[in-house]
Amino acid sequence: MKKILVISEMTSDQKEELKKLAPQYAITREINSEDAAVEIVYGYNEDFEEAFKEGFEGVRWIQFPFAGVNQLPLALFKESGVLLTNGSGIHAGSMTEIIFGHILSYTRNFKELILNQENNFLYYTDWSFDLTGKKFLIIGMGKIGSAVGKVAQAFGMKVIGVNRSGRDVAHAEKIYPIERLSEILPEADIVLNLLPLTDETIHFSDEKLFNEMKKGVIFINMGRGGSVVTDDLVDALHSDQVAFAGLDVFEEEPLPADHPLWDMEQVTISPHIGGVVENYDELLFAILRDKIQACQQDKELPVNLVDLEKGDLFA
């Protein structure tokens with residue numbers, strides 16, 4: 001009997017639903033490289049990866065629980081004829097909330113207000129940075145960018161997106177291909193980096209790019225730390241080219257305790273928590289459910305199929 005290897009967390013109700021969806025499969029949690037009956041893998045860890053390199057000759061589909069896949073042995077999966085799907089889109093809500101947490105900490109002075117509250121001190125200021133009417137540029141516009149754009153539009157902002165091809169994505173007034181980025185950077189009041197880390201995007205945001213931005217821009221990085229040259233960002237903050245930075249990812253993680261970013265008032269830092277989702281297991285299982293149903297009907301896997309030659313794709 002064919003098997004589904006379950007590595008990710010699964011409730012008893014989900015397990016029963018899976019049995020009904022795929023009655024021809026047995027469910028196992030044992031990672032055994034010699035078990036050629038395992039055809040589907042739900043989840044991923046280091047133990048499975050090592051075992052896959054040694055065996056698991058029957059595996060045909062792996063449902064990876066996260067979005068980024070470049071750290072996986074993609075060439076081996078391709079050689080073995082394995083389909084890989086990821087968890088892209090699960091984090092859209094949580095990332096959107098954290099992004100706007102960073103933005104509002106600056107535009108509505110929440111960082112300063114919290115610090116003042118700790119000292120039993122109230123300080124009134126009539127300074128504000130109103131979001132209504134501002135231009136919000138999203139670099140790496142895709143599923144998460146669409147979710148962010150929807151909220152930005154609710155704040156009354158004009159959303160502009162950039163991706164590799166210039167393909168349309170919901171909740172953006174206009175999408176540009178990446179080669180036209182320099183044309184629109186000077187217009188943006190807020191720049192959000194959502195780029196994956198690829199050969200194309202490593203150190204993408206550097207001194208040149210920051211200098212092309214509008215003076216006093218807000219810069220948010222929720223993509224990959226390696227896509228930003230941190231020293232160049234620090235310089236841009238010191239010169240006020242970048243008025244504020246909200247950062248969830250860094251070139252070096254954790255950020256060293258003596259790094260200058262910690263002491264900059266115009267920076268808020270979160271510890272790579274964009275992927276923290278309250279009901280993650282439920283959302284991941286929903287992806288599995290859709291794909292199992294597609295397989296039962298001899299349809300192609302409906303979403304999140306990874307191109308094993310390209311990996312994380314800056315679409």
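Glu207 is exposed in the predicted model, its relative accessible area being 51%. This residue belongs to helix H8, which covers residues 207-212. Together with Asp231, Asp235, Glu251, Glu252 and Asp258, Glu207 forms a negative patch on the surface. Helix H8 also holds Lys208 and Glu212, which are four residues apart, about one turn of the helix. The side chains of Lys208 and Glu212 are joined by a salt bridge with an N to O distance of 2.7 Å. Lys208 is exposed at 55% relative accessibility, whereas Glu212 counts as buried at 19%, because buried means under 20% relative accessible area.

The protein chain as a whole comprises 10 helices and 12 strands. Its C-alpha atoms occupy a box of roughly 70 × 45 × 40 Å along the principal axes. Of its 315 residues, 50% count as buried.

Helix H4 (residues 92-107) is largely enclosed by the rest of the structure, since 12 of its 16 residues are buried. The buried positions are Ala92, Ser94, Met95, Thr96, Ile98, Ile99, Phe100, His102, Ile103, Ser105, Tyr106 and Thr107. The length of H4 agrees with expectation: at 1.5 Å a residue, its 16 residues should span 22 Å, and the C-alpha atoms at its ends are 22 Å apart. Just after H4, Asn109 adopts a positive phi of about 60 degrees.

A buried position is also found in strand E3 (residues 38-42), where Val41 lies. Val41 has a relative accessibility of 0% and therefore counts as buried. The C-alpha atom of Val41 is separated by 9.8 Å from that of Arg29, a residue 12 positions away along the chain.

In the whole structure, 13 salt bridges are found. One of them pairs the side chains of Glu187 and Lys135, at 3.5 Å from N to O. This pair links distant parts of the chain, with Glu187 in the loop between helix H7 and strand E9, Lys135 in strand E6, and the two positions 52 residues apart in numbering. Glu187 is partly exposed, at 33% relative accessible area, and Lys135 is likewise partly exposed, at 25%.

A salt bridge also connects the side chains of Arg164 and Glu200, with an N to O distance of 2.9 Å. These residues are 36 apart along the chain, Arg164 in the loop between strands E7 and E8 and Glu200 in the loop between E9 and H8. Arg164 counts as partly exposed at 32% relative accessibility, as does Glu200 at 46%. Finally, a network of salt bridges links Glu49, Glu50 and Lys53.

Note on methods
Residues numbered from 1 in each chain as written. Predicted model: local features only at pLDDT ≥ 70, side-chain atom pairs only at ≥ 80, totals over all residues. Heavy atoms only, no water. Patch = residues over 30% accessible without salt bridge, like charges linked within 9 Å, V, L, I, M, F, W, Y side chains within 5 Å. Areas by Shrake-Rupley, 256 points an atom, 1.4 Å probe, with all protein chains shown as cover. Salt bridge = Lys/Arg side-chain N within 4 Å of Asp/Glu carboxyl O. Lys, Arg positive; Asp, Glu negative; His and termini not counted. Charge placed at Lys NZ, Arg CZ, Asp CG, Glu CD. Buried < 20%, exposed > 50% of the residue type's maximum accessible area, 1.4 Å probe, protein only. Expected span 1.5 Å × (residues − 1).
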